[in-house]
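Work through the exercises below with the model open beside you. Try each task before reading its solution.

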Amino acid sequence: MSEFNLTEDQLDCLQELINIAMGQASDQLARYLDTFVYLEVPSIESVDAQVLMSGLSEQKNTLAVVSQGFFGHEGIRGEALLVYQEEDSGRISDLLGYEPDEASQDEQLIDISSILTTTFLNVFARQIENQMSYNAPKLLPHVQSNLAEHVQHMPFTWDIALKVNINYQVTDYSFNCNMILLIPEKAITKIKLVLDRILADLS
Amino acid sequence: MSPSVLICDDSNMARKQVLRSLPEHWQDSVQTATNGLEALKILRGGSIDILFLDLTMPGIDGVGVLQGIQKLKLKLNVFVISADIQPEMQSKVKALGAKEFIRKPVKAEILVNYLQQHDLL
């Protein structure tokens, strides 16, 4: 987490806020899929913007990225990317009981992503005394060619990517997806202030 | 006399949140553990009356601790405090002997209310 320059306490606080947000996002996903979602401790890390972009574009087995913009007040905004791997696509279709035709699978990926993203960010925002609005989620197929272009057209410059590695195990199935939050530096500074306030209230 | 309390959570902040929710005269008799293994070591001593237990932890998780408590036939009051709020998880931990399931972030009035309901306060 070096780019964030978070203290140990700030990092612990952020991790806990993320755990709570993840817990509720999993609960929503479980209700949607009508099953139980096994939740692991999500790991978080910060990734350099350039490294992340080239990494994602070169990744051969990335099936799809679903991208959704979010914005709150006091300069907190960003873009959430849900990244799915190719080997998980069949499993997701199995899970949802869908015929493996492309249209329905795309819709399902968008639905699942939007449930995860908006629940996660709503709960996270509430904890940092903020409130989020969202753009419509967009599926970026053919990630290799589209991702760089898509990111260039975002309405803000972002400096830091907060990567939350989520591993969802859904009873007999398991699929991995990474949630990557692209956040401008101004928003990080703001979040740090809120973390400090939460920590000060506790000490 | 204050009961002997153990708070088990891998997050320092979460442990502090629980601690701050407890009655002030209890504060001196509170121990903490940062994972399930540590918690079980303390619990084996047999002196803990009340355990506040997180579920999602690396290594031995909260469910593992509950199973350990059953295996060791320990008698104590366990309150699970977790971010994993799925109904199935709530019934699972209750079946494993937890008195109550409290969702994170913990609120003092809810925690105190449960302690009163179970005649612990």
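**Exercise 1. Locate Asp54(B) between its flanking elements, then describe its surroundings.**

Step 1. Asp54(B) sits in the loop that links strand S3 (50-53) to helix H3 (62-71) of chain B. Helices (H or I, at least four residues) and strands (E, at least two) are DSSP runs, numbered from the N terminus.

Step 2. The model is predicted: local features need pLDDT of at least 70, side-chain atom pairs count only at pLDDT 80 or more, and totals for chains, interfaces and linings use all residues. Residues are numbered from 1 along each chain as its sequence is written, chains are lettered from A and ligands numbered from 1 in the order in which they are written, and side-chain values use heavy atoms, with hydrogens and water left out.

Step 3. Check the accessibility. Asp54(B) has a relative accessible area of 3%, so it is buried (under 20%; exposed is over 50%, partly exposed in between; 1.4 Å probe, protein chains only).

Step 4. List the contacts (heavy atoms within 4.5 Å). Leaving out residues up to four places away in sequence, Asp54(B) touches Cys8(B), Asp9(B), Asp10(B), Gly62(B), Ile81(B), Ser82(B) and Lys104(B).

Step 5. Consult the record. An unreviewed UniProt entry lists Asp54(B) under "modified residue: 4-aspartylphosphate". Such annotations may be inferred rather than shown by experiment.

**Exercise 2. Which residues of helix H1 (residues 12-21) of chain B are buried?**

Step 1. Begin at the helix start. A side-chain oxygen of Ser11(B) comes to within 3.2 Å of the backbone nitrogen of Met13(B).

Step 2. The buried residues are Met13(B), Ala14(B), Arg15(B), Gln17(B), Val18(B) and Ser21(B).

Step 3. Recall the geometry. An α-helix has 3.6 residues a turn, so residues three or four places apart point the same way.

**Exercise 3. Which elements line the largest pocket?**

Step 1. Take the volume: about 560 Å³. Of the 22 lining residues, Gln127(A), Gln17(B), Pro105(B), Val106(B) and Lys107(B) are the closest to the centre of this pocket.

Step 2. Assign the elements. Helix H1 (8-33), helix H4 (102-127) and helix H6 (185-202) of chain A each supply at least two lining residues, as do H1, strand S5 (100-103) and helix H5 (108-117) of chain B.

Step 3. Find the main contributor. H1(B) gives the most, with four residues.

**Exercise 4. Describe the fold of chain A.**

Step 1. Count the elements: six helices and eight strands.

Step 2. From the N terminus on, their order is α-β-β-α-β-β-α-α-β-β-α-β-β-α.

Step 3. Add the burial. Of the 203 residues of chain A, 55% are buried.

Technical notes:
Polar contact = N/O pair within 3.5 Å; in protein donor to acceptor, adjacent residues only side chain to side chain. 1 Å grid on protein atoms, 1.4 Å probe; cavity = no way out; pocket = protein on both sides within 12 Å on 5 of 7 lines; lining within 4 Å. Points joined across faces, edges and corners; volume = space filled by probe spheres on them.
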